[in-house]
Amino acid sequence: MKFFKEDTKTAFEAISQAQQIAFAPIVFQATKALRDLGILKLVEDSGFEGVLLEDVFPKLNLSEYGVRVLLEAGLGIGLVIKNNNKYTITKTGNFILNDKMTRVNFDFTNDVCYEGMFTLTDSIKQGKPTGLKALGNWPTVYEGLSTMKQPAQNSWFSFDHYYSDGSFDSALKQLFKRKPKHILDIGGNTGKFTMKCLQYDDEVKMTILDLPQQLGMAKENIDKANFTDRVNYFPINILDESHRFPKGADAIWMSQFLDCFNEDEIVSILKRCHEALDENGYVYIMETFWDRQKFEPGAFSLQMTSLYFTNIANGNSQMYDSNVFNKLIEKAGFTVIEQIDNIGISHTVQVCKKK
Ligand SMILES: C[S@@+](CC[C@H](N)C(=O)[O-])C[C@H]1O[C@@H](n2cnc3c(N)ncnc32)[C@H](O)[C@@H]1O
């Protein structure tokens with residue numbers, strides 16, 4: 001791990017960053033207002049020439065005062081610059097407006113996490129997702145996914161799918177290298193990866209394991225795509241250790257799944273994989289490990305996402321450090337025989353075999 005080893009900032013840079021943190025929620029909401037009210041777009045459209053405050057607020061039906069305070073905040077945040085009284089957009093402003101990853105992260109933070117995060121300290125003390133009640137009354141976020149109100153539901157799925165969808169194609173190549181015949185897709189969610197497998201290989205059979213609510217959504221999608229005959233559904237609450245997995249598969253696939261659980265739960269799940277898997281089968285784990293990121297902002301995003309698990313999702317899991325995670329794999333009776341980084345934007349695929 002090449003990041004987080006040195007404190008390289010000058011005192012001035014450090015105190016500046018401290019102010020960014022002190023005002024972070026206001027920075028965030030001001031940016032959201034500039035984006036959602038159309039102010040940033042209007043500035044962008046003015047190109048290199050720029051736009052006067054007087055030309056912005058009437059077009060958007062907003063007050064001069066409202067647009068002025070937001071644009072002045074935008075200067076401090078670094079979203080716009082001002083020359084000869086005219087505002088032009090910066091590169092950061094451009095990413096806020098047009099970059100898909102930034103938008104997905106932003107909307108997830110706002111719609112799923114923002115309100116709940118006020119109680120993060122309580123979550124740490126209690127080991128419970130105390131922020132979840134801002135979204136609904138469920139034991140964990142997963143029971144609530146299929147009925148969650150909007151825009152939280154869309155933002156949750158967009159966040160989840162943005163990262164996993166981008167890695168599915170490279171992951172498929174790794175998974176089918178060993179020509180599996182029957183794959184368990186544990187935590188298969190809405191069936192997206194299962195359908196990718198069925199398209200990739202005409203022979204393969206799939207079994208999806210997930211909570212009943214998610215299997216309902218998966219079945220609907222899979223039936224629509226005419227794959228009904230090649231898929232089995234196995235409703236399960238994996239936290240109940242007495243629930244064993246169906247036997248007879250030669251590959252088990254878990255994508256962005258084990259990060260939903262704490263260390264003991266991960267060992268318990270992997271032990272049940274060990275029991276269910278054919279003797280010469282493989283387990284494929286696709287995860288985002290913060291210590292295996294190429295760039296520091298990637299590690300940063302994952303470290304922050306961990307706190308979504310702490311406060312909203314379940315209170316006890318995270319985006320792991322691969323060193324912590326690999327010990328759990330060993331403890332469950334598997335060896336990691338391959339670790340393939342840079343799958344999609346930020347994923348690693350670990351190929352595991354029984355010891
Ligand atoms: C983050 S999503 C990942 C979905 C998909 N594999 C992907 O890569 O996009 C985690 C999945 O785990 C499922 N899950 C979470 N807790 C579960 C539990 N206790 N039992 C069964 N499935 C669970 C959720 O319903 C969800 O579909």
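In this predicted model, Tyr282 of strand E8 has Lys353 in strand E10 as its bridge partner. E8 and E10 run antiparallel and are joined by six bridges. On the E7 side the direction changes: E7 and E8 run parallel, with five bridges between them. Trp253 stands opposite Tyr284 of E8.

The strand pairs for which bridges were counted are listed below.

| Strand pair | Bridges | Direction | One opposed pair |
|---|---|---|---|
| E7 and E8 | five | parallel | Trp253 and Tyr284 |
| E8 and E10 | six | antiparallel | Tyr282 and Lys353 |
| E9 and E10 | seven | antiparallel | Phe334 and Lys354 |

Strand E8 covers residues 282–287, and six of its six residues are buried, so the strand is largely enclosed by the rest of the structure. In a regular strand the side chains alternate between the two faces of the sheet. On one side of E8 are Tyr282, Tyr284 and Met286, and on the other Val283, Ile285 and Glu287; both faces are covered. Helix H13 (residues 263–276) forms a right-handed β-α-β unit together with E7 and E8.

These strands belong to an open sheet of seven, ordered E6-E5-E4-E7-E8-E10-E9 and with mixed pairing. At its edges are E6 (231–235) and E9 (334–343), each of which pairs on one side only. Neighbouring strands in the sheet are turned by 20 degrees against each other on average, direction ignored. For edge strand E9, the partner is E10 (residues 347–354), which runs antiparallel to E9; in this pair Phe334 stands opposite Lys354.

Helix H11 (residues 192–200) lies across four strands of the sheet, namely E4 (182–186), E5 (205–210), E6 and E7 (251–255). The angle between H11 and E5 is about 175 degrees.

Helix H2 spans residues 24–36. Its 13 residues reach 18 Å from the first C-alpha to the last, close to the 18 Å expected at 1.5 Å a residue. Ala30, Thr31 and Leu34 are the buried residues of H2. Seen down the helix axis, the buried residues of H2 fall within an arc of 100 degrees, so they line one face of the helix. Their cover includes helices H3 (39–45), H5 (64–77) and H6 (91–98). Pro25 and Asp36 are exposed, on the face of H2 turned away from its buried side. After H2 comes Gly38, with a positive phi near 85 degrees.

Notes. Residues numbered from 1 in each chain as written. Predicted model: local features only at pLDDT ≥ 70, side-chain atom pairs only at ≥ 80, totals over all residues. Pairing = 2+ DSSP bridges. Helix = DSSP H or I, 4+ residues; strand = E, 2+ residues; numbered from the N terminus. Axes fitted to C-alpha atoms, helices over the stretch in contact; angles between N-to-C directions. Contact = placed C-beta atoms within 7 Å. Buried ≥ 20, exposed ≤ 12 C-beta atoms within 10 Å, placed from the backbone. Right-handed = clockwise from strand over helix to strand, strands pointing away. Expected span 1.5 Å × (residues − 1). Arc of directions from axis to C-beta.
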